[in-house]
Amino acid sequence: QHPDIGDIKGALVADGLLQSYSLNADGDIIHSELGSQAFGLEGKGDFDYLDIDVLTLGGDSGSLKADGEIAWVPKLSVDLDVIASNLKTAQFVPEGPADLTGELALKFSQQDDKLRGGLDIQSLNGTLRGYPLTGSGKVSMLNDELIFDQLAFKSSDNTLKVNGRGSEPF
């Protein structure tokens, strides 16, 4: 049991050697405040990486499905394509409840002890505080600089569009 994550119960099946293995896992995460979430993982890998065929997480607050790769050689890197369905945020962000569905690509890596990351919102639809919300675009980070590429959000009659670079102070 982890104080932030909750009680994790599941099964893990691995086959092969560290040079070439397959990995399957499924189970439940139970948290006293956040409820129950079912998870699943199918992948394969070796000493250098884990290739994720499918990673799922689902429960009363919506579901996530992802595929991609996590590598730790030569440096830590993550490259995931994620589909979110009916994610409900009220229990996490009570002041801004949302119900969101979308597709996005998440990438980050460590280069020269610095973090580099990117988020490509291919589609985002749903509601925020009861108002319709759509979004798309890209944002990436290199060191302390953010780079925005056609990032756009629309809610009711309000539109936010961001292009360019930014760093603190904003």
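User: What volume of space lies in the largest pocket?
Analyst: This is a predicted model, where local features need pLDDT of at least 70, side-chain atom pairs count only at pLDDT 80 or more, and totals for chains, interfaces and linings use all residues. A pocket here is an open set of points on a 1 Å grid where a 1.4 Å probe fits, with protein on both sides within 12 Å along at least five of seven lines. Filling the points with probe spheres gives the volume, and for the largest pocket the space is about 280 Å³.

User: Which residues are closest to the centre of the largest pocket?
Analyst: Lining residues have an atom within 4 Å of a grid point, and the largest pocket has 17 of them. The closest to its centre are Leu34, Gln37, Leu57, Gln91 and Phe92.

User: Which strand supplies the largest share of the lining of the largest pocket?
Analyst: Strands are DSSP runs of E, at least two residues, numbered from the N terminus. At least two lining residues each come from β2 (20-31), β3 (35-45), β5 (62-71) and β6. The largest share is three residues, and the strand that gives them is β5.

User: Is Ser61, in the loop between β4 and β5, buried or exposed?
Analyst: Ser61 sits in the loop that links β4 (49-59) to β5. Buried means under 20% relative accessible area, and exposed means over 50%. Ser61 has 13% relative accessibility, so it counts as buried.

User: Which side chain makes a polar contact with the side chain of Ser61?
Analyst: Leaving aside neighbours within four places in sequence, Ser61 is in contact (heavy atoms within 4.5 Å) with Gln37, Asn86, Leu87, Lys88 and Gln91. One side chain also makes a polar contact (a donor and acceptor pair of N or O atoms within 3.5 Å) with that of Ser61, at 2.8 Å. Residues are numbered from 1 along each chain as its sequence is written, and side-chain values use heavy atoms, with hydrogens and water left out. The partner is Gln91.

User: Which strand gives the most to the lining of the second largest pocket?
Analyst: The second largest pocket holds about 200 Å³ of space. Among its 15 lining residues, the closest to the centre are Ala84, Leu87, Leu100, Leu104 and Leu124. β6, β7 and β8 each give two or more residues to this lining. The strand that gives the most, five residues, is β7.

User: How many bridges join β7 to β8?
Analyst: Two strands pair if DSSP finds at least two bridges between them. β7 (residues 98-111) pairs with β6 (residues 77-88) in the antiparallel sense over ten bridges. β7 and β8 (residues 114-128) also run antiparallel, and the bridges that join them number 14.

Methods:
Helices (H or I, at least four residues) and strands (E, at least two) are DSSP runs, numbered from the N terminus. Buried means under 20% relative accessible area, exposed over 50%, partly exposed in between (1.4 Å probe, protein chains only).
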